[in-house]
Amino acid sequence: MNRSQRFVLPIGPIHIALEEPIQLKLETEGNIVKNVQLKIGYVHRAIEFLLANRDFYQGIIVVERVCGICSHSHPTCFVQALEQIAGIEVPLRARYLRTLIGELERIHSHLLNTAIACEILGFKTLFVRCMNARENIKDLMEGITGHRGNYAFNTIGGVRKDLVEDEIHEVKKSLDSLEPEIFQLIETVLSNSTLISRTKGIGVLTYQDAVDLSVVGPVARASGVDLDLRKDVAMPGAAYEFLEFEKVIEKDGDVLSRIKVRLLEMIESFKIIKQILKDLPKGPILTKKFVPIPKGIGISRWEAPRGGLIYYCITDGTDIPYRVKIRAPSFVNIYALNRILINQDVADVTIISGSIDPCFSCMQR
Amino acid sequence: MRINLLDKAKKLKNLGARYITTVAYLKPDTGDKVVVRHLFDLNGKLEELTYEAEFSETLESIKEVYPAVEWSEREVMELYGIEFSGYPEEEKKLLLSSGGHPFPLLEVEKQKVSRKRHE
């Protein structure tokens, strides 16, 4: 088939198959995608511009709203950069509590992505079960932080809310009933022959492509890339260095591998949460040595549910940051669709795109 | 045009460095140049390629070695007015393609530097 017989299929920016606006121009030969053009910029909110005009504490509120799913990861990464500039040591109890919310966020994010995968594949029952389980996690997060989203949990030098003994007991009780439910869900998804046959071998991102395209998070780990910031880099605002868990890595790089990585990561998250609740150190949740944020540069990295998040903060000695650059994981992962979608069936475009767990608002900030 | 960026990027790539992101900002002390910084991860440690660009200078793109740099370079072009080689005119914008004030972050930072000078 020659090039003149190709057909350009435009999807978006407003389209029935899209949750958020993006434009995909798929050049197809028959049903096979031969070229992809991605256009973004439809939900740009000028967050970095806003941050250059707000003080540090207003900034925490702003960055919480970069992403509705990772609204704990963003402020944690932001305050971690400021703490680095000011040399603030975060109390151990606060580091554990930040990690606790971070892992609950990972579970609810991975459940949401699994639910979406089930919905795209027409498996509505499993979609509803995943969403129900996610609701329970959100209830738990509300119980701990006081909010279902935009948790207002972080501040410079620690966290804003402690967990008392009774609350720890309640959280443990909730987790004890949630864990078998979620583990059963994982087993159901991973043993479902329809789901496996529909996702195995499609949307493959090879190890080399994953490295070349600098993808991060579950997308990278599903292609065999040994990359998880929780293990690989220092996170002085978190407590991962004191906790035992495994990196989840798959080799095939297809949609099924990405689903598997997220599901198995939830098991590791439960492990982490149990250790936190068991060993939560006593002590303050907020530093007592407050210092003004001096002139400097802070580079903070955090393993958000979708992958490595980075905040690059430059301060000039005033209470307003000079420059805050945010690199959300979706910014690199979505770009990889340019390669993943090539030679795939048009019918698989939705499930492949969904398997990247794209957050268009997050990446466009 | 500076010609050694691509070579340096190739060396980093050969060492196994992974591209993270590109940060740009107006030099806070003098306000006379735009600092452009490509960040890389090499075995968990941060490496960087940094250069200070004149306003509207054209810099060598490292897209050939690190394809993922494309959106970051386009973002720098539209937010700071720095050019990277190898981009057709219609691809120079990324986030603000529907319009908006040209080089918004450059303008904000120019105002900050100017305020600081008059304090």
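1. Let me start with the hairpin: β7(A) and β8(A) form one with 6 residues between them, and A:G317 in the turn has a positive phi of about 95 degrees. Bear in mind throughout that this is a predicted model. The two strands, with β7 at residues 307–316 of chain A, pair in the antiparallel sense over 5 bridges. If you want to check the register, A:C313 is bridged to A:V324, and A:Y311 has A:I326 as its bridge partner.

2. The hairpin belongs to an open sheet of 3 strands in chain A, ordered β6-β7-β8 with antiparallel pairing. Its edges are β6 (295–304) and β8 (323–327), each of which pairs on one side only. On average, neighbouring strands here are turned by 10 degrees against each other, direction ignored.

3. β8(A) is worth a second look. Although an edge strand, β8(A) has 5 of its 5 residues buried. In a regular strand the side chains alternate between the two faces of the sheet. Here both faces are covered: A:R323, A:K325 and A:R327 are buried on one side, as are A:V324 and A:I326 on the other.

4. What lines the second largest cavity? Two of those β8 residues, A:R323 and A:K325, are in the lining, and chain B contributes B:T22, B:V23, B:A24, B:S72, B:E75, B:V76, B:L79 and B:Y80. The elements giving two or more residues are β8 of chain A together with β1 and α2 (69–80) of chain B, and α2(B) has the largest share with 5 residues. The volume is about 40 Å³, and the lining divides into 5 nonpolar, 2 polar and 3 charged residues.

5. The largest cavity holds about 130 Å³ of space. Of its 14 lining residues, A:V216, A:L227, A:R301, A:R327 and B:I20 are the closest to its centre. β6 and β7 of chain A and β1 (18–26) of chain B each give two or more residues to that lining. By class, the lining has 7 nonpolar, 2 polar and 5 charged residues. The cavity count, at 30 Å³ or more, is 2.

6. Now two helices of chain A. Helix α4 (residues 92–120) has 29 residues and reaches 42 Å from its first C-alpha to its last, close to the 42 Å expected. Of its 29 residues, 25 are buried. Just after α4(A), A:G122 takes a positive phi of about 85 degrees.

7. Helix α11 (residues 255–279) of chain A agrees with expectation too: its 25 residues should span 36 Å at 1.5 Å a residue, and the end C-alpha atoms are 36 Å apart. Why call α11(A) largely enclosed by the rest of the structure? Because 18 of its 25 residues are buried.

How values were computed
Residues are numbered from 1 along each chain as its sequence is written. Chains are lettered from A and ligands numbered from 1 in the order in which they are written. This is a predicted model: local features need pLDDT of at least 70, side-chain atom pairs count only at pLDDT 80 or more; totals for chains, interfaces and linings use all residues. Side-chain values use heavy atoms; hydrogens and water are left out. Two strands pair if DSSP finds at least two bridges between them. Helices (H or I, at least four residues) and strands (E, at least two) are DSSP runs, numbered from the N terminus. Axes are lines fitted to C-alpha atoms, for helices over the stretch in contact, and angles run from 0 to 180 degrees between N-to-C directions. Buried means under 20% relative accessible area, exposed over 50%, partly exposed in between (1.4 Å probe, protein chains only). The expected span of a helix is 1.5 Å times one less than its number of residues. On a 1 Å grid over the protein atoms alone, a cavity is a set of points where a 1.4 Å probe fits but cannot get out, and a pocket is an open set with protein on both sides within 12 Å along at least five of seven lines; lining residues have an atom within 4 Å of a point. Grid points are joined across faces, edges and corners, and a volume is the space filled by probe spheres set on the points. Ala, Val, Leu, Ile, Met, Phe, Trp, Tyr, Cys and Pro count as nonpolar, Asp, Glu, Lys and Arg as charged, and the others, Gly among them, as polar.
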